[in-house]
Amino acid sequence: MGFLDSILGKTSLPEAKTDRLFAISTAAVTLEASLGLKPDGAAGVCIKPMESSRYEAARTEIEDLLKLSFKETGTLYSIQKDEYNYIWVVLSDPDFDDLVTNIQMVCQTLMEQGFGTQLLAAVYRFKGDAIVFWIYNFKLGSYYPFVPQSGQKRDTSQEFRLKSLMEKELPIEKDEAKWYPMWGMPL
Amino acid sequence: MMKWKSDRGLEARMLLTMILLAVLYLAFLAVLLSMNTSSTVIILFMGGFMFLQYFYSDKMILMSMGAKIVSESEEPELHQIVSRLCAIAGLPMPRIAIVNTSMPNAFATGRNQKNAVVAVTTGIMQQLNRSELEAVLAHELTHVKNRDMMVITIATFLSSIAQILVRFLPFFGGGGSRDRDSGGSFVVMFVVSLVVWIVSFILIRALSRYREFAADRGSAIITGQPSNLASALMKISGAKVPTQDLRKVEGPVSALFIVPAISGSSIMNLFSTHPTLEARIEALKNIERELEA
């Protein structure tokens, strides 16, 4: 099917896989207990915006929901555009479970509105000796670690170590070639 | 629910063109094989040649274009744009190359998704803003995704054999043979080859234009912003006269360029590998309307 589609020049974007997004909430316990990596109170969802009034409507709905959840959980949010024109919903909350719930809510809303294909990644920030990001790629349906260093370099050895230590707890992307870095994240 | 419809009309035209090509080629093969044994040798020889071209096409094209593969540290911005597009489209990350020329252009090559190379010229990087460059890269990534290199290689294979026969048959068959039978078969073969060459030429051009539309569409879908590609195309086509030698940029590569190297209104639509700018912009506008529908 996929081959025939490509021969006929049909383009469709893979749907977002959110089933394993939640895995971070249990993994966070192990990350803190055995690796000393604490949730750093910030998370975000990266979305490829679309030229469509319906997309704007979805965005408004997400903002309304976020305002509501701010009243309930006290999660702060901001919507930002990065230098590559991707939209970020940035959340900050010292309570990790609230972060996870709200990230889930943002993704859910976007998917219900039919923009699941526009979801790129969800990112959770952790802090130990260095800042560690766990990036969830919606197309792959898996996590990978990203440890940025100054000057657009990444600490690959630390990332590999995190992979081998967390493999059992977290669905980690096996193909390291797909561990795309994300520089200049607004969180 | 927001869903991308597929362009049934375009797919149908593409399929029809491919079927016509296949029928034409099968008939051609039947004639070739029934008439002359030396043509089998030509087919085998050309087959081997095309096989090599298919496997080394990426290196050959990069070399002939003077494209240089760049690493992530050399061109972090390009890599970041492409890696995000690949993540959205679920594609493996291609290698990225840069051609040092003021002519604004971009192309994709490589026999499959894993061996793909996406190249841009320094000219296009200077002329376009980031969103437009992103749209162009998404267009090239769609070429990779759609396996256009393979489709065009297969489509041109027997056409090139017909072309060779038309050019060289006179040397083989014409002069020396006094035998009437072989003279007659020579004429038939020459005419058949000529017809196959001309018809396949037109079909390949049509196919190639359809694949451009498909790549434009893919770019719009991947970026979510059809207007970016439209403005990129307008900017590029309004560019200055190319500085590159015609012989350097002509040939099979031209089919995978974002704008053809040889442009000019004098070339009839039927014979050009790329659709006109107006048709492409119009198609992008339609996609934009689809987004709102």
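This report describes the sheets, helix packing and chain contacts of a predicted two-chain model.

## The sheet of chain A

Chain A contains an open sheet built from 6 strands, arranged in the order β2-β3-β1-β4-β5-β6 with antiparallel pairing. Its edges are formed by β2 (76-81) and β6 (142-146) of chain A, each of which pairs on one side only. On average, neighbouring strands in this sheet are turned by 20° against each other, direction ignored. Helix α4(A) packs on the sheet and touches β1, β3 (87-92) and β4 of chain A. The direction of α4(A) makes about 5° with that of β1(A).

## Strand β4 and its partners

Strand β4 of chain A covers residues 119-127, and 7 of its 9 residues are buried, so this strand is largely enclosed by the rest of the structure. On one side, strand β1 (residues 38-47) of chain A is joined to β4(A) by 7 bridges, and the two run antiparallel. Within this pair, A:I47 stands opposite A:L119.

Strand β4(A) also pairs with strand β5 (residues 131-137) of chain A, again in the antiparallel sense and over 7 bridges. Here A:R125 lies opposite A:F133 of β5(A). The two strands form a hairpin, with 3 residues between them. Strand β5(A) is in turn joined to β6(A) by 5 bridges, and these strands run antiparallel. In that pairing A:N137 stands opposite A:S142 of β6(A).

## Packing of helices α3 and α4 in chain A

Two packed helices are described by the angle between their axes and the distance between the axes. For α3(A) and helix α4 (residues 96-112) of chain A, the angle is about 160° and the axes are 10 Å apart. An angle over 145 degrees counts as roughly antiparallel, and α3(A) is therefore roughly antiparallel to α4(A). The crossing of α3(A) past α4(A) is right-handed.

On the α3(A) side, the contact is made by A:A58, A:E61, A:I62, A:L65, A:S69 and A:T73. Helix α4(A) contributes A:D98, A:N102, A:M105, A:V106, A:T109 and A:L110. Sorted by class, the contact of α3(A) with α4(A) comprises 6 nonpolar, 4 polar and 2 charged residues.

## Residue A:T73

A:T73 belongs to helix α3 (residues 53-73) of chain A. Is A:T73 buried or exposed? Burial requires 20 or more other C-beta atoms within 10 Å, and exposure 12 or fewer. A:T73 has 16 such neighbours within 10 Å and is therefore partly exposed.

Leaving aside residues up to four places away in sequence, A:T73 touches A:D93 and A:D98. A:D98 is also among the α4(A) residues that make the contact with α3(A). By contrast, A:T73 and A:Q113 are 40 residues apart in sequence and 24 Å apart in space, C-alpha to C-alpha.

## Architecture of chain B

Chain B has 10 helices and 4 strands. Read from the N terminus, its elements follow the order α-α-β-α-β-β-β-α-α-α-α-α-α-α. Of the 293 residues in chain B, 42% are buried. Among contacts in chain B with a separation of 6 or more, 73% involve residues 24 or more positions apart.

The 4 strands of an open sheet in chain B have the order β1-β2-β4-β3, with mixed pairing. The edge strands are β1 (67-70) and β3 (106-109) of chain B, each pairing on one side only. Neighbouring strands of this sheet are turned against each other by 30° on average, direction ignored. Strand β1(B) pairs with strand β2 (residues 95-99) of chain B in the antiparallel sense over 4 bridges, and B:A67 stands opposite B:V99 of β2(B). Helix α5(B) packs on the sheet, where it touches β3 and β4 (117-121) of chain B, and its direction makes about 20° with that of β3(B).

## The interface between the chains

The interface brings 39 residues of chain B into contact with 30 residues of chain A. On the chain B side, the elements that give two or more residues are α1 (8-35), α3 (76-89), α5 (130-145), α7 (180-223), α8 (226-237) and α10 (277-292). Helix α3(B) supplies the largest share of this side, 8 residues. The residues of chain B that touch chain A divide into 18 nonpolar, 11 polar and 10 charged. Helix α5(B), which packs on the sheet of chain B, is one of the elements listed for this side.

Notes. Residues numbered from 1 in each chain as written. Chains lettered and ligands numbered in written order. Predicted model: local features only at pLDDT ≥ 70, side-chain atom pairs only at ≥ 80, totals over all residues. Pairing = 2+ DSSP bridges. Contact = placed C-beta atoms within 7 Å. Nonpolar A, V, L, I, M, F, W, Y, C, P; charged D, E, K, R; others polar. Axes fitted to C-alpha atoms, helices over the stretch in contact; angles between N-to-C directions. Parallel < 35°, antiparallel > 145°, perpendicular 65-115°, else oblique. Left-handed = near helix turned anticlockwise from the far one by under 90°.
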